Structures are given as C-alpha cells and as structure tokens.
Amino acid sequence: MLKLNAVSAQYNILTGYVKAVDKVDFEVKANEIFGIAGESGCGKSTLLKVMYDLISYPLEISQGSVEIHSRSNDQKIYRNGEINKSWWKVISYVPQGAMHVMNPVKKVKTQFFDSISKYHGKQNKKQLEQDIIQYLKELELPPEVLKAYPHQLSGGMRQRVLIALATFLRPDIVLADEPTTALDVIVQRGILTMLSQVQKKMKNSMVIVSHDMGVHYQITNRMGIMYAGQMIEIGPTEQIFENPKHPYTKMLINALPRIGDNSQKEGIPGTPPSLHHPPAGCRFAQRCAFATDVCRTIEPLRTKVGDEHYASCHLLQDAYI
Ligand code: SF4
C-alpha cells in the first residue's frame, strides 16, 4: 500500500544539513495500523511529511523513494513528487496540534467545504452538507459542530473533527501525527477508539506517529522504533513489546509503568546524537551499555530476529536461524 525505499531526508540549514531521516525502508500493508515510535527529535514527524509528500524548503529528500499503490484509483502508483496530487482521496493527514491547524476565524462547516468540496464529485453544496452530517453521525459526532468556530470546541472534539475531515473521502491511507498529545487519558482513549473504528470500517491503512508507547500497544498492529533518524527495529507490535531485540527498544519498554510493578523506573541516560553531524557506526553507541569498538565504527545492518521482526544491532547478527 505504502512503500518507503531507503528514503533519506534532510533540512538544508545555513551551516549544512540536518539529516532527520536516514535510509528508512519499510512498507505499510493494506488494512493495518502501523505505528512509528521514538523520542522527540528522532525524525518521526519528518518521516510523516516525507510519506505525505509535504516537502518544501528547507526539507528535501536526498535519496530513496516513496510509493503509494492506490486501491481506489485504478491501482495507480503514486511516487514522491506526485503523491500530493492524491491528497484527501488516496492519502490524508491528521496533523499535530488540532487548535493550530484549524483556521480560527472560519466555522468548521466552511473548513470542511474549503478542504474537500473540489474532490467531492459534482454534488451541490446542499448534498455535500448532507453527506458531511451523515458522516459525522456515523462517527458519533454531533452535527452541531459544523456551526462552531474551533475555539468553541474542546481539544478532544477538535481532534475528532480533524479525524472526520481527514477520513471523509475514505482515503486508502491516513497518517496521524501525535493524535493524542496534550489530551487527558479519557479523551485519549476516545480518540484511539475512534481511529481504530474508522480503520476497521474502511479497511484502509493508518500510520500513527506517537512518542507514547502506550498508544502503540493499544492500537497498532505493527510498529517501527526510530532513533536518531533511523528505524532501528520493526515488527509486529506484540512481538516488539514481548520480545524487544534492540537495546534501545528494551530500555523504552522497561521504562513503561505497569500495574502492580512498584520498581523504580529509570530514564535512558544521555541524549541522542546531533543529526547535523551524526556519529559513525551505531548512533545509539554513546548511550548503549553493550557498545564495542565495532559499534562505534561500523553501522549495524538490519537483521531478521523473528517473523516479520527486524532490528539493527551488531549483537543480533545471525540471531535468527
Ligand atoms: Fe549497542 Fe552496539 Fe547494538 Fe548499537 S550496535 S545498540 S552500540 S550493541
């Protein structure tokens, strides 16, 4: 459905390049929710922009490609540079920060009309409004939200409206950037349930970016862990949580609180390397208790460590036979 072929992307700044995404290679299958996890600044949101073809200066793709195999539009293949022609109908995006992305001086109805009317066939405005109301009801949202300005809605309701807007034309792929950030846990739960229900109903593909591992545990089928611009582990979510292989993934999962576990939780020592001048070898070496001279000089290759489960660490070479 969505394929990334060794994609690298960088920000062109005055003093050089910030290599935010480095040779990222994976695919998102039809009818699945794929999660991308990692700490702030690891390149998750940039990767989402690359997938959405939202590329403008100073961001540029320096190598690799992105492909979308559309199921709804005569199986057409869209590649980076033309994916933006398929926005809303084939791929859509739920951006981070619902308050900041909605126009504060336009009612929700106008924002629906502005965004999707030109993609909605030849129906007149009345018909489009009826379809929007019908869709909001399907998502258990009150149609009255259409008459509201964004600031009149709660944070959770704004996020639901954005999800409704992004999924109204039933796109094959929906990308969501930190969809639960800044919401309380009850509202978070509601948003995740909504996303999951939409995906089950449309049987499309979703990509959820979140720094919150709990979000991935609850909603994703497969997931990738990013560190310093690279995807260092990828696999079925259950396997990643039950049997993480990369030392960084293990530390992330060990840091999660669990019911009944009163042990002291520890953060991951140190900070990620600069993406302006990333180090040679394994980018996690400065923080890894198992680092050797080989780790500091040679970049680890992706190794198969289980069914559809891969990780990039020298400790894992030949781990799966
Ligand atoms: Fe640690 Fe070396 Fe594995 Fe990197 S390659 S995670 S430094 S053991």
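**Sheet architecture and ligand environment**

In this predicted model, eight strands form an open sheet with mixed pairing, arranged in the order E6-E7-E8-E3-E9-E10-E12-E11. Strand E6 (91-94) and strand E11 (302-306) are the edge strands, each of which pairs on one side only. From one strand to the next, the twist averages 20°.

Two helices are described in relation to this sheet. Helix H6 (residues 185-202) packs on the sheet and touches strand E3 (33-37) as well as strand E8 (205-209). The direction of helix H6 makes about 160° with that of strand E8. Helix H9 (residues 247-254) lies across strand E9 (222-227) and strand E10, and helix H9 runs at about 105° to strand E9.

Strand E10 also takes part in the pairing within the sheet. Strand E10 (residues 230-236) pairs with strand E12 (residues 309-312) in the antiparallel sense, over two bridges. Isoleucine 234 has tyrosine 310, in strand E12, as its bridge partner.

The ligand was considered next. The largest cavity is the space taken by the ligand. The residues around the ligand are His246, Pro247, Cys282, Phe284, Ala285, Cys288, Phe290, Ala291, Cys295, Cys313, His314 and Leu315. Classified by residue type, this shell contains ten nonpolar and two polar residues, with no charged residues. Pro247, one of the residues around the ligand, falls within the range of helix H9 (residues 247-254).

Note on methods: Residues are numbered from 1 along each chain as its sequence is written. This is a predicted model: local features need pLDDT of at least 70, side-chain atom pairs count only at pLDDT 80 or more; totals for chains, interfaces and linings use all residues. Side-chain values use heavy atoms; hydrogens and water are left out. A residue is near a molecule or strand if one of its heavy atoms lies within 4 Å of it. On a 1 Å grid over the protein atoms alone, a cavity is a set of points where a 1.4 Å probe fits but cannot get out, and a pocket is an open set with protein on both sides within 12 Å along at least five of seven lines; lining residues have an atom within 4 Å of a point. A molecule sits in a cavity or pocket if more than half of its atoms lie within 2 Å of its grid points. Ala, Val, Leu, Ile, Met, Phe, Trp, Tyr, Cys and Pro count as nonpolar, Asp, Glu, Lys and Arg as charged, and the others, Gly among them, as polar. Two strands pair if DSSP finds at least two bridges between them. Helices (H or I, at least four residues) and strands (E, at least two) are DSSP runs, numbered from the N terminus. Axes are lines fitted to C-alpha atoms, for helices over the stretch in contact, and angles run from 0 to 180 degrees between N-to-C directions. Contact means heavy atoms within 4.5 Å.
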